[in-house]
Amino acid sequence: MEILKCEGVRKVYGEKNNPVTALNGIDLSVDKGEFVAIVGASGSGKSTLLHILGSVDKPTEGKVIIDGTDLSQLDQTQAAIFRRRKVGLVYQFYNLIPTLTVRKNILMPLTLDKRKPNKEYFEEVVGALGISDRLEALPNQLSGGQQQRAAIARSLIYRPALLLADEPTGNLDQKNSREIIDMLKLSNRNLNQTILLITHDEKAALEAERVIMIEDGRIVSDERRR
């Protein structure tokens, strides 16, 4: 079942007399439950693609459909609601609220949406991520790896259609990086979570079942590894 479709996506920045093309005709289809890595050098367009998929930005041309919703039809408020309900975002900077406990940080998307958490699913997520014993701690009482696990839990708690992970291991040492990739694989396998991992780390990318390479705003390879 297709969960994501991009059709002829272009993104052009700057003035008409000095345009900069960040994306130049991206066609992409991702099925529910896939774990896809998107790789490319700095400036290749992968971060621009992530912002468009996360409804943070709009393409200059083309169409992005996630879980049946055409993102180009959403206004700013609708896009924010869609992002909160349908797209999980994990960055290399954890973006946890320092004055809230880990539990409250994880539940924040549901709190904003005035939804009650599913207790069993909450326990399943924090248990799988190994932070059940850190729920009442503040973010500054956690290691970098634990903070990233909390950020992943926050992105999973509302069962998003798509989880976008932007260089999630960028601030972590090798041991914690390995653990975070394992956590993403676990959520993909056990929770059937669709994941797009944006990374320049070749080792991390090779953990995905499909690797897409972007150069100069175009997809130049799309390899299924298993």
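User: Which residue lies over the face of Y121?
Analyst: R159 does, at 3.7 Å from the ring centre. Bear in mind that this is a predicted model.

User: Where is R159 in the fold?
Analyst: R159 sits in the loop between α5 (residues 144-156) and β7.

User: Buried or exposed?
Analyst: R159 counts as exposed, because its relative accessibility is 52% and the cut-off for exposed is over 50%.

User: What about the backbone of R159, what is its phi?
Analyst: The phi of R159 is positive, about 50 degrees, although R159 is not a glycine. Most residues other than glycine have a negative phi.

User: Which other residue has a positive phi without being a glycine?
Analyst: S55 is one of them, with a phi of about 60 degrees. S55 is in the loop between α1 (46-53) and β4 (61-66).

User: And S55, buried or exposed?
Analyst: S55 is buried, at 10% relative accessibility. In addition, S55 is among the residues that line the largest cavity.

User: OK, cavities then. How many of 30 Å³ or more?
Analyst: The count is one. The largest cavity holds about 60 Å³ of space.

User: Which residues line the largest cavity?
Analyst: The lining consists of I52, S55, D57, K58, P59, V64, L71, S72 and A79.

User: How does that lining divide into nonpolar, polar and charged?
Analyst: Five residues of the lining are nonpolar, two are polar and two are charged.

User: Back to Y121. Which residues of α4 are buried?
Analyst: In helix α4, residues 119-128, the buried ones are Y121, F122, V125 and V126. Viewed down the helix axis, these buried residues fall within an arc of 125 degrees, so they line one face of α4.

User: What is on the face turned away from the buried side of α4?
Analyst: The exposed residues K119 and E120 are on that face.

User: How many aromatic pairs in the whole structure?
Analyst: Zero, from a search of the whole structure. Y121 does have the charge of R159 over its ring face, as noted above.

User: Switching to loops. Where is L172?
Analyst: L172 is in the loop between β7 (162-166) and α6 (174-190). L172 is buried, with a relative accessible area of 14%.

User: How many Å separate the C-alpha atoms of L172 and Q92?
Analyst: The separation is 8.5 Å, for two residues 80 apart along the chain.

User: Now E61 and Q141, what is the C-alpha separation there?
Analyst: For E61 and Q141 the C-alpha atoms are 45 Å apart, and along the chain these residues are 80 apart.

User: Where does E61 sit, and how exposed is E61?
Analyst: E61 belongs to strand β4. E61 is partly exposed, at 41% relative accessibility.

User: Last one, A137. Which loop?
Analyst: A137 is in the loop between α4 and α5. A137 is buried, and its relative accessible area is 9%.

User: And how far apart are A137 and S47 in space?
Analyst: From C-alpha to C-alpha, A137 and S47 are 32 Å apart, with their positions 90 residues apart in sequence numbering.

Methods:
Residues numbered from 1 in each chain as written. Predicted model: local features only at pLDDT ≥ 70, side-chain atom pairs only at ≥ 80, totals over all residues. Heavy atoms only, no water. 1 Å grid on protein atoms, 1.4 Å probe; cavity = no way out; pocket = protein on both sides within 12 Å on 5 of 7 lines; lining within 4 Å. Points joined across faces, edges and corners; volume = space filled by probe spheres on them. Nonpolar A, V, L, I, M, F, W, Y, C, P; charged D, E, K, R; others polar. Phe/Tyr/Trp six-rings, centres within 6.5 Å; stacked < 30°, edge-to-face > 60°. Lys NZ or Arg CZ within 6 Å of the ring centre and 35° of its normal. Buried < 20%, exposed > 50% of the residue type's maximum accessible area, 1.4 Å probe, protein only. Helix = DSSP H or I, 4+ residues; strand = E, 2+ residues; numbered from the N terminus. Arc of directions from axis to C-beta.
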